[in-house]
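Work through the exercises below with the model open. Try each task before reading its solution.

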Amino acid sequence: MMNCSSRGKLSSFFRTSSSSRSACRQYIIPSHQPVRRLASLAQDVRSDSTFRIPIVDFGRFMSPNSPREREDTANEIVAAFKEVGFVYLSNHGISKSTTDQVFERSAAFFGMPMDVKSKLAWDDPRSNRGYVEQGKERVTQSSDAAEIAELRAKAPDSKETMEIGRDWDSTWKNKWPKEQGCPGFKSTMLEFFQTCHELHFQIMRSIAIGLDLQETFFDDKIHEQYHNLRLLSYPAIKTEILRKEGQARAGAHSDYGTLTLLFQDSVGGLEVQNPHTQQFQPAAPVPGTIVVNVGDLLSRWSNDILRSTLHRVVAPPATKINDREQMTPKRQSIAFFCNPNGGALVDCLPSCHDSSRTKKYAPVTTEQYIVQRLSETYNY
Ligand SMILES: O=C(O)CCC(=O)C(=O)O
Ligand SMILES: [Fe+2]
């Protein structure tokens with residue numbers, strides 16, 4: 001597997017890809033020279049009937065046929081993030097067997113008895129590690145403590161999660177279950193954490209190119225793995241409960257960091273707000289792809305040129321249990337929340353402001369920003 005020190009040897013990373021296309025190509029040394037260009041806005045996603053989250057073939061970035069193809073792919077990704085804030089990435093280099101194994105170990109974790117999981121409880125937003133039982137988090141855009149507490153009491157998110165951070169942090173320790181309680185859990189999650197970190201690193205390179213920055217602009221600002229791997233489990237629930245006013249598996253929210261890599265099972269229910277009409281549209285699972293979306297810190301870094309788009313998880317088409325009642329099946333997803341380094345100062349990117357577009361936000365460090373957001377939405 002690739003690590004930070006072997007970043008140059010990307011072809012070996014992609015040899016594990018299921019894509020024969022990427023497997024047989026040679027990695028091309030970055031040749032991008034920044035050129036100032038005006039943002040081009042696609043027009044075809046602006047009505048609800050044409051709204052779509054584009055599918056981008058990331059193999060064309062990682063193992064391109066020409067430097068031009070690589071740059072075109074970077075531009076496609078950035079265009080999607082400007083317009084929609086979301087893309088589906090295909091040929092991303094993470095194999096199906098890897099994600100199957102992560103989903104399987106995640107299901108085994110949530111299947112453990114509650115008293116075992118409770119001993120691993122999440123208890124501090126600075127750590128952001130551990131098990132979160134149903135009702136503890138209410139994702140929302142509100143930052144008013146009283147309003148969030150009321151929402152949490154009335155309509156808590158119907159999900160449980162397990163949060164995992166970098167394992168070598170000197171201050172904060174991951175809360176691992178005992179090996180015999182959930183065999184292979186820790187090693188599977190640690191390997192996946194590294195794999196997702198590496199993919200984030202490459203997507204950020206594509207964003208640098210698409211924003212006319214040096215390709216390596218973000219490298220030393222995102223290499224410390226200040227990320228959060230979140231395993232999500234949404235239990236089966238009567239559909240009528242989910243359809244009540246304000247109820248959802250996860251309420252409408254944006255994510256906090258640079259990018260989120262989202263792996264979902266086949267159940268569905270994820271919806272993304274069309275930023276042009278404010279209507280929520282399904283982001284149905286597309287086999288073999290990862291959903292990637294921009295978070296608030298990257299949006300802020302780019303002076304809102306890249307969109308951090310609201311999304312939520314609601315009831316997908318339901319299964320009937322009798323004439324009157326329907327059941328929404330259980331659902332699993334895995335979100336890898338990518339962040340800049342904790343101490344990185346997120347100040348407007350050089351290519352995102354000039355005399356006609358001034359800086360909208362004060363600089364903030366990643367740590368200040370993320371801890372503030374987490375303390376607002378959790379009850380602990
Ligand atoms: O479960 C999903 O599909 C999305 C979860 C999500 O958006 C989040 O945890 O931030
Ligand atoms: Fe999210």
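## Exercise 1: Salt bridges across the chain

The side chains of Lys175 and Asp123 meet in a salt bridge, 3.2 Å from N to O. A salt bridge here is a side-chain nitrogen of Lys or Arg within 4 Å of a carboxyl oxygen of Asp or Glu. This is a predicted model, in which local features need pLDDT of at least 70 and side-chain atom pairs pLDDT 80 or more, while totals for chains, interfaces and linings use all residues. Residues are numbered from 1 along each chain as its sequence is written, chains are lettered from A and ligands numbered from 1 in the order in which they are written, and side-chain values use heavy atoms, without hydrogens and water.

Task: Which parts of the chain does the pair Lys175 and Asp123 link?

Solution.
- Step 1. Place Lys175: the loop between β4 and α8.
- Step 2. Place Asp123: the loop between α6 and β3 (130-132). Helices (H or I, at least four residues) and strands (E, at least two) are DSSP runs, numbered from the N terminus.
- Step 3. Take the separation: the two residues are 52 residues apart, so the pair links distant parts of the chain.
- Step 4. Check Asp123: its relative accessible area is 45%, so Asp123 is partly exposed. Buried means under 20% relative accessible area, exposed over 50%, and partly exposed in between (1.4 Å probe, protein chains only).

## Exercise 2: Two further pairs

Task: Are Glu160 and Lys117 buried or exposed?

Solution.
- Step 1. Find the bridge: the closest N and O atoms of Glu160 and Lys117 are 3.1 Å apart.
- Step 2. Place the partners: Glu160 lies in strand β4 (residues 160-164) and Lys117 in helix α6 (residues 114-118), so the bridge ties together parts 43 residues apart in sequence.
- Step 3. Read the burial: both Glu160 and Lys117 are buried.

Task: Where do Lys360 and Asp304 lie?

Solution.
- Step 1. Find the bridge: the side chains of Lys360 and Asp304 meet at 2.9 Å, N to O.
- Step 2. Place the partners: Lys360 is in the loop between β16 (345-346) and β17 (364-365), Asp304 in the loop between α10 (296-301) and β12 (311-313). They are 56 residues apart in sequence.
- Step 3. Check Asp304: at 26% relative accessible area, Asp304 is partly exposed.

Task: How many salt bridges does the structure hold?

Solution. The total is 17. Arg60, Glu69 and Glu76 are linked in a network of salt bridges.

## Exercise 3: A helix pair

Task: At what angle do α5 and α8 pack?

Solution.
- Step 1. Read the geometry: α5 (residues 96-110) and α8 pack at about 135 degrees, with axes 10 Å apart. Axes are lines fitted to C-alpha atoms, for helices over the stretch in contact, and angles run from 0 to 180 degrees between N-to-C directions.
- Step 2. Classify the angle: α5 is oblique to α8. Under 35 degrees is roughly parallel, over 145 roughly antiparallel, 65 to 115 roughly perpendicular, and the rest oblique.
- Step 3. List contacts (heavy atoms within 4.5 Å): α5 residues including Val102 and Phe109 meet α8 residues including Phe185 and Phe192.

## Exercise 4: Positive phi

Task: Where do Asp212 and Gln225 lie?

Solution.
- Step 1. Asp212 is in the loop between α8 (185-210) and β5 (228-234). Gln225 is in the loop between α8 and β5.
- Step 2. Asp212 has a positive phi of about 60 degrees although it is not a glycine. Gln225 has a positive phi of about 60 degrees too.
- Step 3. Asp212 is buried at 10% relative accessible area, and Gln225 is buried at 5%.
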